[in-house]
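User: I'm new to this structure and would like a friendly tour of it. Could you take me through it step by step?

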Amino acid sequence: MSEVVLEFDSVVKRFAENEVLRGVSLQLHRHEVVCLIGASGSGKSTLLRCANLLETIDAGTISLFDQPLQDKRIDPDLVRRHIGMVFQSFNLFPHLSVLDNILLGPVHALKRKREDVNEEALELLERIGLRARANDFPDRLSGGQQQRVAIVRSLAMKPSLLLLDEVTSALDPTLVGEVLDLLRDLAHSGTTMLIATHEMNFARDVAHQIAYLDAGVLVEKGTPAAIFNDPQHESTRRFLARVS
Amino acid sequence: MTLDPDVASSDATPNLFAPRRSRLLSGRRGLVAASVSSIIVFGALFAVLFATSGGATLRADFFSPHQMWLAWTGDPRLGLLAIRDGIFTNVWMFLLSEVLVLSFGLVIAWIRITQSSVLLPFRMMATAYTDTFRGVPLLLVVMMVGYGLPILNFGFLSRQSPAVYGVMALTLTYSSYVAEVIRAGIFSVPNGQLLAARSLGLTQASTMRLVILPQAIRTVIPPLLNDFISLQKDTALVSVLGAVEVTRAAQIFQSTVFNESGLVVAAMFFLVLTIPMTRYTDHLMARDRARRLVGS
């Protein structure tokens, strides 16, 4: 197996009394797509946010390229520059044009020259068929277009991996397809991704590994075929029966 | 369970026309109603000026065109200052104050929202500052700064003109309001914006400068302009220090000529100053509201 990009080791996260992650261990290899499935509140989003250091953890370690992120000498801003994150609610910057949304990270976090990034950004927009909308503001776009711009915005940072947090959950059913198609493209071109999702067919399609979370516990992990056709645990079976 | 169709839905045809009384205020009737009510209300106000026994005296004392003109232009032979010569003082006082208030308010707001432990003493000072200056009447601040600093005998700080002390007092008081307005604006930016910016690897300072503040300022422009409108008219309070601005000139006119028409001229000056800004603020707020309605 190829290099381990991201590794969770016995990660525990509490919000006050409430234990949201109870010792989760998971590895993500280069070019691998892992889908996190599980009911709302099972800890999928929290796990992603912890990887990005948007949340601190209470026990265990998370490592990016073998470097433990809980080390005091780690710079969280550097970590985040290597990890792209896409949110359920898009979170495009409403006061910036589509193009400026994409340029913000490379120009201000990576300190690259605007002229240098400009063409890359336009190519990314070309790839999602929105080059003509580069100078529009986000509120002129449909939800599906906004979410695709948000994905491209994180790609402009040339991240080592992408975290996707239920990126189709806030979309009209008619707009889900275009976003999932883009993610399929990314998966086929070898993008390393950790995807929290409720789209089971999509997960079955693109994932190399499926991890099922229940109440902060990683109950079961395996290939899509193993998880969907032959789940080993009673709670996995119950969850899959409920969602299908 | 099946519902009895007679119970579930009514067969009667409903009457959808509003009763006659509530139709009174719509369409052309509305125009008539508006005119009638305007005539009654404004007529009553004029009646007070013209029909009451004191009306004539009041008109002569406050609204004499001759005296108003005299107050406006001044008269060197009588030793009368012109109100129009005071305008400049008001204008530069509020312009300078507004610039200072904006920068100082931004700094205070920023200190109050940071979470760094190093800044804790500054946070406490900033909180104490906003609490104090929002609570103390501006008139008292003007007097304390204007009478206090000269006594302090502290270099150039104690050798300023009353108008400069006025600017200091206005800045102290209004920065505390504006800091709170800006802080509220910052909190009104959705948390997702912060998460998105930070996960792009932007530092906390860049996130504030490039993502949070531009959105916050946009939402607080109307309340900010409201504060500036009251700041502009509160330059009148600096008159207690003897700064010869519009209000002070009107007071001098009053105590020399024993006629109050100068006060009305001063009032008109402040109206001319603030009404365009009030209208503009209303326009901005209406536009904002329209945009939000479209957005939802």
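**Where the two chains meet**

User: How many residues does the contact take from chain B, and how many from chain A?
Analyst: Contact here means heavy atoms within 4.5 Å. Under that rule, both chains contribute to the shared surface, with 17 residues from chain B and 20 residues from chain A.

User: What pLDDT do local features need in this model?
Analyst: Residues are numbered from 1 along each chain as its sequence is written, while chains are lettered from A and ligands numbered from 1 in the order in which they are written. Side-chain values use heavy atoms and leave out hydrogens and water, and since this is a predicted model, totals for chains, interfaces and linings use all residues, side-chain atom pairs count only at pLDDT 80 or more, and local features need pLDDT of at least 70.

User: What area is buried between chain B and chain A?
Analyst: Buried area is the accessible area (1.4 Å probe) that two parts lose on being put together, summed over both. Carbon and sulfur atoms give 63% of that area between chain B and chain A, and the total is about 1,600 Å².

User: Which three residues supply more than any other three of the area that chain B buries against chain A?
Analyst: We can look at the chain B side of the interface alone. A trio there supplies 36% of the area that chain B buries against chain A, and its members are B:Leu195, B:Ser199 and B:Leu200.

**Two folds**

User: How many helices and strands does each chain have?
Analyst: Helices (H or I, at least four residues) and strands (E, at least two) are DSSP runs, numbered from the N terminus. Chain B reads as α after α along its sequence, with twelve helices and zero strands. Chain A has nine helices and ten strands.

User: What is the radius of gyration of chain A, and why does chain A count as compact?
Analyst: The radius of gyration is taken over C-alpha atoms, and the globule rule is 2.2 Å times the number of residues to the power 0.38. For 244 residues that rule gives 18 Å, and chain A is close to it, so chain A is as compact as a globular protein of that length, with a radius of gyration of 18 Å.

User: What radius of gyration does chain B have?
Analyst: The C-alpha atoms of chain B fill a box of roughly 95 × 70 × 25 Å along the principal axes, while those of chain A fill one of roughly 55 × 45 × 40 Å. A compact globule of 296 residues would have a radius of gyration near 19 Å, but chain B has 28 Å.

User: What share of the residues is buried in chain A, and what share in chain B?
Analyst: Buried means under 20% relative accessible area, exposed over 50%, and partly exposed in between (1.4 Å probe, protein chains only). Of the 244 residues in chain A, 56% are buried. Of the 296 residues in chain B, the buried share is 39%.

**A closer look at some residues**

User: Is A:Phe90 buried or exposed?
Analyst: A:Phe90 sits in the loop between strand E6 (83-86) and helix H3 (98-109) of chain A. Its phi is positive, about 60°, although A:Phe90 is not a glycine. The relative accessibility of A:Phe90 is 11%, so it counts as buried.

User: What is the phi of A:His31?
Analyst: A:His31 is in the loop between strand E2 (18-29) and strand E3 (33-37) of chain A. With 48% relative accessibility, A:His31 counts as partly exposed. A:His31 is not a glycine, yet its phi is positive, at about 65°.

User: Which residues is A:Ser2 in contact with, leaving aside its neighbours within four places in sequence?
Analyst: A:Ser2 lies in the segment before strand E1 (4-15) of chain A and is partly exposed, at 36% relative accessible area. A:Ser2 and A:Glu32 are 30 residues apart in sequence, with their C-alpha atoms 9.1 Å apart. Beyond its sequence neighbours, A:Ser2 is in contact with A:His29 and A:Arg30.

User: And which residues does B:Leu139 contact, again leaving aside neighbours within four places in sequence?
Analyst: B:Leu139 belongs to helix H7 (residues 138-152) of chain B. At 33% relative accessibility, B:Leu139 is partly exposed. Its contacts outside the nearby sequence are B:Leu237 and B:Val240.
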